[in-house]
Amino acid sequence: MYEKHEFKLITEKIPLYTPPDETNISEKKKQPMYLAWIVGLIIVVYGAWRMFFTLPSVSQYGWIAFVGGIFLLLAELFSSYEALTHYLSLRNVYEPEMPVVPHELFPDVDVFISTHNEETDILFKTANACAAMDYPDKSKVHVFLCDDTDRPEVAALAKELGVGYFGLSNNKHAKAGNINNALSRTSSPLIATFDADMIPKSNFLMEVVPYFFLPIMEKKADGTWVVKPEEEQKNCGKIGFIQTPQVFYNADLFQYNLYAEKRVPNEQDYFFREVNLGKNRTNAVLYAGSNTMISREALEGVGGIATGTITEDFETGLRIEALNFRCYAVKKPLAQGLAPITIASLIKQRVRWGRGCIYSLRRIHLLTNPAFSLNLKLSYYACRVYWESFSRRLVYILSPVLFLLLGIPLVVMNLKQLIFIWLPYYICYSYLLNKVSSEIRDTRWSNTIDTIMFPYLLIPIWAEFFHINEKKFSVTAKSRSWNDNNEFYLAIPHICLLVVSLVSLLFAVQQLIINRAFGLIIIIMWMLINSFSLLMAVFFMRGRVNEREFERFDCDLPLEVRAEAESEDCFKARVVNISEGGFAFESKEALPIPTERGTVLHFVIEDRKYRAHVSGKIVAVSKPKRGKVWTYRVQRIGEMSTAEKREFFQIVYDRLNPLPETLAEDTSYFDDMLRAMEEGSKDREPQRRTMPRFRVRSKETLENGVVVMIEDLNFKYVRVRLVKGDEIPDRFVLFRESEYPISCEKSDMREGLYSILNSEALLENQAFLDKLKEWGKK
């Protein structure tokens with residue numbers, strides 16, 4: 001069905017596209033270059049002083065002190081290098097302006113969805129969203145499920161959704177071989193790549209494709225975009241790929257386990273929305289493998305996706321940029337997926353990233369390869385330095401412990417040197433870190449995340465450093481299911497380090513008080529920071545039960561509620577949040593509909609171009625004490641046709657989950673720790689109320705003279721208590737002289753609860769409905 005196409009390798013670099021005006025349009029102010037020179041000079045001077053004057057001698061302090069001192073010095077210097085390179089990258093963040101391109105110029109696009117062993121339920125959402133993407137000519141969009149396990153059920157899903165399918169058996173090159181197979185059987189000039197769980201928004205193509213026209217278009221003074229004359233288009237350069245952020249519709253584990261999903265952005269946001277954006281100027285953007293639009297010419301020019309590495313996307317992007325294809329990262333989220341929901345899967349993912357990065361950079365001889373520019377070398381080497389930073393966490397934690405408990409000094413200096421040499425360096429270094437920090441990530445959260453991960457990255461990273469390679473590609477689990485696994489055993493390294501740190505801290509405080517050793521104040525502060533990070537790591541490993549099978553999205557959509565599917569009578573309401581498994585809606589008035597457990601209701605939800613018919617049952621009804629609306633929670637039940645399911649899933653997923661984009665203002669060491677402790681100790685009771693309950697608080701005299709207090713009622717039950725008389729009868733009538741008499745019978749459920757026998761008639765009684773409105777205001 002699909003012809004094979006030969007790759008067209010590029011052996012010489014193409015002209016590099018240079019934007020006419022790299023205007024700084026980031027929200028951060030441009031930082032001065034002179035600050036980098038000053039701090040860089042201070043780092044060099046400090047490093048030289050540390051190397052020649054502060055290392056403990058072998059003869060006086062022994063080999064452990066000397067070797068430990070070397071490790072601490074290297075940790076400091078690499079930390080300084082990393083902070084300085086981040087500053088240079090982020091001091092003037094640039095994001096290109098998207099040109100306005102005539103619709104007739106939009107080319108054909110192939111969309112590759114890579115799948116290995118993911119469930120078809122996950123693939124349905126992604127493939128459905130890809131097929132629904134807007135485009136001037138939808139016939140130019142070709143969606144393919146690329147399945148490297150050749151599963152019949154995936155082929156059937158592709159047929160059901162009307163998308164293409166490429167099956168592949170015995171694929172020794174994993175994801176790279178899967179994409180290369182699809183690449184060889186298609187021909188569109190642009191290719192969008194998505195992981196199996198990454199669901200694009202409907203505007204993905206319209207927001208990304210125009211960037212590929214940047215080299216051949218120019219913006220006039222009046223703000224209009226025009227195509228350059230043909231003679232000016234020659235040798236003007238080409239776009240290699242556009243990387244959009246990888247965001248998630250569920251809180252990642254750092255947010256979720258530490259109860260920070262409403263206060264702290266996703267852990268990956270800092271990289272995709274700032275770090276990668278900072279690489280635009282030096283053309284060193286990292287290709288992340290998903291949520292990306294990539295030029296076929298660029299991809300074929302480097303021989304397709306790189307094989308023989310477990311981070312094929314990382315290496316492929318570097319090779320494309322080495323050919324001078326201009327690559328950009330953009331800030332706007334246009335697709336979202338599933339963050340790992342188990343700590344084990346998170347560790348497995350990060351091990352693969354770290355080992356693959358080091359292996360690929362070694363394989364291509366980054367620092368000595370003449371094909372790479374200096375900018376590429378410095379930028380990509382910083383990626384390696386990042387993975388080595390996890391070793392630094394262990395050095396920073398153990399250094400004060402060795403000195404305080406074992407008397408092994410890793411640094412030899414007196415108080416004056418500490419004040420006049422180390423302190424100025426530390427102030428400059430902290431100032432630089434503050435400049436690198438942002439509204440997305442600060443130093444405190446970076447330390448916390450690194451401390452959580454480092455025990456399980458140390459051995460794999462060092463194994464890769466010594467050429468003990470892991471070439472097997474492992475797919476990160478992408479299932480969204482109940483997670484009640486106990487993974488607290490993973491906290492054992494953190495607990496051990498926390499115990500020795502706290503013991504060392506107590507010893508340091510004792511020495512400060514008894515001997516007035518004021519130089520220990522800095523070590524005490526150092527250990528307090530270490531102890532905080534370790535304690536947060538323990539809280540993280542304690543875990544948190546995943547209470548939801550499906551993630552909820554806030555929204556505001558019109559809703560029609562019907563008791564019968566074909567009924568013309570309906571009630572209007574507003575959907576306020578929605579998920580794959582159901583939704584919540586609000587109504588200013590309590591709806592006179594049957595809401596007892598098991599009753600099936602019918603709903604129509606509309607959103608932009610989507611309209612879905614949904615069957616469901618009410619599982620909870622609530623009204624805030626001072627609120628003005630009733631909130632109904634609906635569980636979706638019953639099978640949906642493919643057409644209805646496609647519409648409903650687009651209503652659910654064609655939006656971004658409102659997870660925080662910036663750090664909350666009240667985040668601090670104390671607040672973060674206190675919240676993790678308090679929230680983790682709470683017991684949450686499930687909501688069981690399925691009907692709106694009205695507070696009545698009215699006395700009523702029954703026919704036999706017994707006086708009762710009507711506490712509250714819903715459409716099926718009323719709760720009363722005895723005020724005067726011997727006993728409440730088993731059957732009685734409330735408001736018997738009114739237009740809405742309520743016939744009641746004693747219930748077996750609990751004392752004081754009575755069934756309403758004429759509930760259906762009351763729901764059609766306008767006088768009763770008016771009375772409900774009055775009670776609803778109480």
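Author: Before we start, a word on residue classes: Ala, Val, Leu, Ile, Met, Phe, Trp, Tyr, Cys and Pro count as nonpolar, Asp, Glu, Lys and Arg as charged, and the others, Gly among them, as polar. Keep in mind, too, that this is a predicted model.

Reader: OK, how do the residues lining the largest cavity divide by class?

Author: Let's sort the lining. Phe248, Leu253, Phe254, Ala339, Pro340 and Leu346 are in it, and these names are on the nonpolar list. Asn266, Gln268 and Gln349 also line the cavity, as do Asp252, Glu267 and Arg350. By class, that comes to 6 nonpolar, 3 polar and 3 charged residues.

Reader: Which helix gives the largest share of that lining?

Author: Two helices each supply at least two lining residues: H9 (253–257) and H13 (343–363). Leu346, Gln349 and Arg350 are in the lining, and their numbers fall in the 343–363 stretch. With 3 residues, the largest share comes from H13.

Reader: How many cavities of 30 Å³ or more are there, then?

Author: The largest cavity holds about 90 Å³ of space. The second largest has a volume of about 60 Å³. Counting cavities of 30 Å³ or more, the structure holds 4.

Reader: Which helices each supply at least two residues of the lining of the second largest cavity?

Author: Look at the lining: Phe254 and Gln255 are part of it, and so are Trp445 and Ile449. The first pair sits in 253–257, the range of H9, while the second pair sits in 443–453, the range of H16. The helices you're after are H9 and H16.

Reader: Is H14 oblique or roughly parallel to H18?

Author: The axes of H14 (residues 374–406) and H18 (residues 492–515) come within 9 Å and cross at roughly 50 degrees. Angles under 35 degrees count as roughly parallel, and 65 to 115 as roughly perpendicular. The angle fits neither range, so H14 is, relative to H18, oblique.

Reader: And what residue classes make up the contact of H14 with H18?

Author: On the H14 side you'll find Ile397, Leu398, Val401, Leu404 and Leu405. They meet residues of H18, including Leu497, Val500, Ser501, Ser504 and Phe507. Ser501 and Ser504 aren't on the nonpolar or charged lists, so they count as polar. The contact divides into 10 nonpolar, 2 polar and no charged.

Reader: How do H14 and H16 lie to each other?

Author: Their axes come within 9 Å and cross at roughly 90 degrees. Since 65 to 115 degrees is the range for this class, H14 and H16 are roughly perpendicular.

Terms used. Residues numbered from 1 in each chain as written. Predicted model: local features only at pLDDT ≥ 70, side-chain atom pairs only at ≥ 80, totals over all residues. Heavy atoms only, no water. 1 Å grid on protein atoms, 1.4 Å probe; cavity = no way out; pocket = protein on both sides within 12 Å on 5 of 7 lines; lining within 4 Å. Points joined across faces, edges and corners; volume = space filled by probe spheres on them. Helix = DSSP H or I, 4+ residues; strand = E, 2+ residues; numbered from the N terminus. Axes fitted to C-alpha atoms, helices over the stretch in contact; angles between N-to-C directions. Parallel < 35°, antiparallel > 145°, perpendicular 65-115°, else oblique. Contact = heavy atoms within 4.5 Å.
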